[in-house]
Amino acid sequence: MSFEQFMDEAISPWMREEGPENDIVLSTRIRLARNFQDEIFPIIADEKDLKRVSNFFKQNFHQTSYGQYKNFELIEITDLSNIEKRVLVEKHLISPYLAKARSAAALVADNEQVSIMINEEDHIRMQLYFPGFQLTTALNEASLLDDWLEEEIDYAFDEQKGYLTSCPTNVGTGMRASVMIHLPALVLTKKISRMIPAINQLGFVVRGIYGEGSEALGNIFQISNQITLGKSEEDIVQDLQSIIAKLVEQERDARSRLMQRSEIRMQDQIFRSYGILKHSRIMESKEAATRLSSLRLGIDLGIIKNISHSILNELMVLTQPGFLQHYANKILTSSERDVLRATLIRERLMLEQK
């Protein structure tokens, strides 16, 4: 896939696939942090050192394939415009940190399921996505991808500490396992506020859709491990698996109770959101996220029919500031973005009805 295709398609091909528990769990991600044994870590490296690492990937991995992940495209992040960088962040292909990093690059598979960030906080931040709730599968695939890279790279590794990273919180496995989960009923019933502190006490963190420092727009939360040292990858994944399974159970129970106690009110809220999305001429980003969350809940409950599950994933990207400006091919004011956002949502919903 070319860079232009990465930019123009709001939804990654893998997002269109069905996954386990996909009425609540949107996606699963495994991210591994690695560094070269004989290279200075990025946080203190100079431009020459960083360029040597990015050139290594360009020479050895550009246009290569591994298993089902075909035609890795190397994208030089530092050569991109601010809008192009923002689009890649909004699609979760790169992190906000990488968008600002020096001599940064990314290797992206054509189905966008694998993205390898180069010269982020560490030399390598490889991430692999799966639709729905697939932690064990994602871990197994990430381990194989890690082995593939290690055939060409000597990692910085200590027998006692594990993989060495720029930040001490990543030392050990170097792994972040995370799940993106849609919890509108737990938010409506205010139970989520009691659950987040309990999750934190177990060594996991609850963030927004773009990770650290981001807001939980559209009732979508990212839950990931904080501890990487002293626990195996399998143990971390097993613990996260238990937490997510419990959240799925609690969300389903909350949805059921809401429908039993106030079905008409729920239907009214969902259809109001659907109507506003279909007819509004101005739509701010926070309102769009809230309305789309309500629409997705209506789809999952069977209240709204003949609209695909993936519409939340797609429109949450399509209506972000970077993608809107890329679509318009110019810098937009906040008011102009609100108008274009409403237009794109209306057009997208009209396509669902044809």
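Here are some friendly notes on this predicted model, going from the whole chain to four asparagines.

1. Overall build. The chain contains 12 helices and 10 strands. Its C-alpha atoms occupy a box of roughly 65 × 45 × 35 Å along the principal axes. A compact globule of 354 residues would have a radius of gyration near 20 Å, so the 21 Å of this chain agrees with that expectation.

2. Burial and contacts. Of the 354 residues, 57% count as buried. If you look at contacts with a separation of 6 or more, 70% of them join residues 24 or more positions apart.

3. Surface and charge. About 15,800 Å² of the chain is exposed, and carbon and sulfur atoms supply 48% of that area. There are 41 positive and 50 negative side chains, with the centres of the two sets 10 Å apart.

4. Asn-119, its place. Is this residue buried or exposed? Asn-119 has a relative accessibility of 1%, and the cut-off for buried is under 20%, so it counts as buried. You will find Asn-119 in the loop between strand E4 (114-118) and strand E5 (124-131).

5. Asn-119, its partners. Which backbone oxygen does the side chain of Asn-119 reach? That of Ser-103, at 2.9 Å. Ser-103 also appears in the contact list of Asn-119, which leaves aside neighbours within four places in sequence. The rest of that list is Pro-42, Leu-50, Val-53, Ser-54, Leu-98, Ala-101, Arg-102 and Ala-104.

6. Asn-225, its place. This asparagine belongs to strand E10 (residues 220-225). With a relative accessible area of 2%, Asn-225 is buried.

7. Asn-225, its partners. Two backbone oxygens are worth displaying here. The one of Met-175 lies 3.1 Å from a polar atom of the Asn-225 side chain, and the one of Ile-227 lies 3.0 Å from a polar atom of that side chain. Not counting residues up to four places away in sequence, Asn-225 touches Met-175, Arg-176, Ala-177, Gly-203, Phe-204 and Ile-236. Met-175 therefore figures both as a contact of Asn-225 and as the owner of an oxygen within the 3.5 Å limit for a polar contact.

8. Asn-71, a backbone point. Most residues other than glycine have a negative phi. Asn-71, however, has a positive phi, near 50 degrees. The residue sits in the loop between helix H2 (47-61) and strand E2 (73-76). Asn-71 is partly exposed, as its relative accessible area is 32%.

9. Helix H11 and Asn-329. Which residues of helix H11 (residues 321-328) are buried? They are Pro-321, Gly-322, Phe-323, Leu-324 and Gln-325. Just after H11 comes Asn-329, where phi turns positive at about 60 degrees. Asn-329 lies in the loop that leads from H11 to helix H12 (334-352). What is the exposure of Asn-329? Its relative accessible area is 70%, so Asn-329 is exposed.

10. Where to look. For side-chain partners, start with Asn-119 and the backbone oxygen of Ser-103, then go to Asn-225 and the backbone oxygens of Met-175 and Ile-227. For backbone angles, turn to the positive phi of Asn-71 and that of Asn-329.

Key: Residues numbered from 1 in each chain as written. Predicted model: local features only at pLDDT ≥ 70, side-chain atom pairs only at ≥ 80, totals over all residues. Heavy atoms only, no water. Helix = DSSP H or I, 4+ residues; strand = E, 2+ residues; numbered from the N terminus. Rg over C-alpha atoms; globule rule 2.2 N^0.38 Å. Buried < 20%, exposed > 50% of the residue type's maximum accessible area, 1.4 Å probe, protein only. Contact = heavy atoms within 4.5 Å. Areas by Shrake-Rupley, 256 points an atom, 1.4 Å probe, with all protein chains shown as cover. Lys, Arg positive; Asp, Glu negative; His and termini not counted. Charge placed at Lys NZ, Arg CZ, Asp CG, Glu CD. Polar contact = N/O pair within 3.5 Å; in protein donor to acceptor, adjacent residues only side chain to side chain.
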